[in-house]
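Below is a note for a colleague who has not yet looked at this structure. The points take up its strands, a helix and a pocket in turn.

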Amino acid sequence: MKNLFFIVTLIYIIGIIMGLYLPISIVSLLCFIFGIVIFYIFIKAKKLIFIIIIIIIFSALYSKYRCNLFEEKYRDINEVNIIGKIVDIESKNDDITTYKVKVKKLNNLTKFYGTNIIIKVKNNKINLSLGDIIQVEGKVKQPEVRRNYNGFDYKKYLNSKNIYTVVQAKFVKIIKQNGTLNILSLKNTIINNMYSTLSKTSSSICLALIIGYKVDIPDDINENFKNSNLLHILAISGIHVTYINIIINYVLKKFSKKSSNILNIIFLFMYMILANFIPSVFRACMMNIMILISGLLYKKSNLCTNISISALILLIINPLTIYNIGFIFSYIGTISLIIFNTYIKKCIDYLEIKLSGKLTIQISKEKDRLVLIIVKIYSKAKEIVVVTLSANVLLIPLSMYLFNSLSLNFIISNLLVQPILSYIIITSIAQITISIFSIKLASIFSIFTDMIIKFLIKIVTFCSNVPFSKLLVTTPSIITLIFIYSIIFILVYLDKRKLLNKYNIYMFFKRVRHIARIQIVCIIIVVFTIVSIYKKSNCNELKVFFIDIGQGDSTLIITPNNKKILIDGGGSEFGSFDVGERTLLPYLLSRKVKNIDYVIISHFDSDHVRWIANNFRETLC
């Protein structure tokens, strides 16, 4: 059956969502009713329906079990004595470094063996490296759940990365340093070599591009990448893995094709471990591995099957990966690229013919070198526009829902960055490779690497500062998202069935106009009447929302005549965390509030007024 794995993966995801958001009894009842109905309608398809129900029930039960496991494993534990292995560094600031530790023993109990936890260590305590076996005494600090409406859920974020809880370290001791030759020691070597041969900013970009190590990227640089809609460049994706594959194939060109493919598969598995199985890395590597395996088996590779298998493996390992933003954006962006690449290309070709058909014919006949260069640049720019637009068709509504933003300069920023991205990736790979064999040679080569990365940063900074490059939008509802995606996929389905053509569209509107003109007008009137009555009835209520912003206070009041009043705006007494931008502004946008009529300040302590004083006018007015 064509696209079998895609259908299985989709059913599995439906089961996960049902398991996470519905009681198991309701899931079982719905599956039973669904099975009975389909059985009587399509008796011949009873085996298929049975398999679908089994997959849904299994994925629902398994996701519920994993969710309960994350809830209960460390629930009643307070003080801990842990022996574990450092497998990753999650974050770092001036005061605290956060390590991901795989537990070997906890309070001399082995039942916690293999679970991942976060250890927060003060930087002045001890210098730790990846792969070190450590002993930690500390206090369990349960990760925060969502505190506000549509707010950030730190616990779900950690669970999506297969992390159970957080421990604040009081005492840390290295039991055994990582002195053996393994993937983690290689990662240590790469990180140390980059910091010894490049500037801090350049090394952080280089490490993010090649091994997904983003710990030391400065906040302002990271914000610039985000504002210019270029954050995906720092997430390892297909293009990064493609260039790595090209280099591997060049090194292995003397081997036979079969041996080269096998060694390539082994290297890609090692690379996934090196990058700590980041979802975007796992997807890109697994898709390449599936292509290589198809070559070894002399079978044609199917893109849809490859992406489905990679997603299914990730979700079987940990169903809560479905909460991971990197997982969501990586897969939806790739699916969008696969589906819409041809459509966008056809649209641009059509516009080309309409707008500059004669010019295109003239240019194609010219033999002048300058003209050929212009044509080549135009072709490359066209390819970048097609890929960028294709990937963003499904990502734009999702970005509006998750980040309350709509980027207007993503085409320009990608046009400026994509042409040099390949050179940056190849240069970064070369820098890392040279540094492993010779630090002195890497220090000389770093002059060129540092220059090209600084050039990238300047382009990103320019793109992030373009006026009106980003619009703030209120959070669309789930129903709105479902409606948008339904319309998109219905249009795609009609086109695949060759039903979406000028004649059918004309006949559809003609039939609607001829037969159902009065009915449609009546339906529209009824819908608008119901909506207006609903809104009016809601506006008769006084609404008061107390916003949890940590230290300090903030309250939103919506009056019966729809006036918005904000009492205090929060702020931090210490630290650089922007409460207004990270907590209060997303909350207001999720409540569909984009304009504030009145602001009341209770007193002028910074934890009550800091965000209003610094950002209110330029952000909301």
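1. I begin with β1 and strand β2 (residues 96–106), which pair in the antiparallel sense over nine bridges. Strands here (E, at least two residues) and helices (H or I, at least four residues) are DSSP runs, numbered from the N terminus, and two strands pair if DSSP finds at least two bridges between them. Gly84 stands opposite Val103 in β2, and the hairpin that joins β1 to β2 passes through three residues.

2. Before going further, please keep in mind that this is a predicted model, in which local features need pLDDT of at least 70 and side-chain atom pairs count only at pLDDT 80 or more, while totals for chains, interfaces and linings use all residues. Residues are numbered from 1 along each chain as its sequence is written, and side-chain values use heavy atoms, with hydrogens and water left out.

3. From β2 one can continue to strand β3 (residues 116–122), since β2 and β3 pair in the antiparallel sense over seven bridges, with Tyr99 opposite Ile119 in β3. On another side of the picture, strand β1 (residues 79–92) is joined by seven bridges to strand β4 (residues 133–140), and these two run antiparallel; here the bridge partner of Ile83 in β4 is Gln135.

4. What runs in the order β1-β2-β3-β5-β4? That is the order of a closed barrel of five strands, with mixed pairing. Neighbouring strands of this sheet are turned by 55 degrees against each other on average, direction ignored; the axes behind such angles are lines fitted to C-alpha atoms, for helices over the stretch in contact, and angles run from 0 to 180 degrees between N-to-C directions.

5. A further sheet is open and has four strands in the order β8-β9-β10-β11, again with mixed pairing. Its edge strands are β8 (543–546) and β11 (598–600), each of which pairs on one side only, and the twist averages 15 degrees from one strand to the next.

6. Within this open sheet, strand β9 (residues 555–558) and β10 pair in the antiparallel sense over four bridges, and Ile557 has Ile565 as its bridge partner in β10. The hairpin of β9 and β10 has five residues between the strands, and in it Asn562 takes a positive phi near 65 degrees. By contrast, strand β10 (residues 564–567) and β11 run parallel and are joined by three bridges; Leu566 has Val599 as its bridge partner in β11, and Ile567 stands opposite Ile600.

7. The helix α15 deserves a careful look, with its 28 residues, which at 1.5 Å a residue should span 40 Å, and its end C-alpha atoms 39 Å apart, which agrees; the expected span is 1.5 Å times one less than the number of residues. There is nevertheless a kink of about 40 degrees in α15, centred on Ile420, where the bend at a residue is the angle between axes fitted to the seven residues ending there and the seven starting there.

8. Finally, about 710 Å³ of space lies in the second largest pocket. The elements that give two or more residues to its lining are α5 (183–197), α6 (200–211), α8 (238–251), α9 (257–274) and α15 (410–437), and the largest share, six residues, comes from α9. The pocket is lined by 21 residues, of which Leu186, Ile248, Phe267, Thr433 and Ile436 lie nearest its centre. By kind, the lining residues divide into 20 nonpolar, one polar and no charged.

9. On terms: a pocket, on a 1 Å grid over the protein atoms alone, is an open set of points where a 1.4 Å probe fits, with protein on both sides within 12 Å along at least five of seven lines, and lining residues have an atom within 4 Å of a point.

Notes: Points joined across faces, edges and corners; volume = space filled by probe spheres on them. Nonpolar A, V, L, I, M, F, W, Y, C, P; charged D, E, K, R; others polar.
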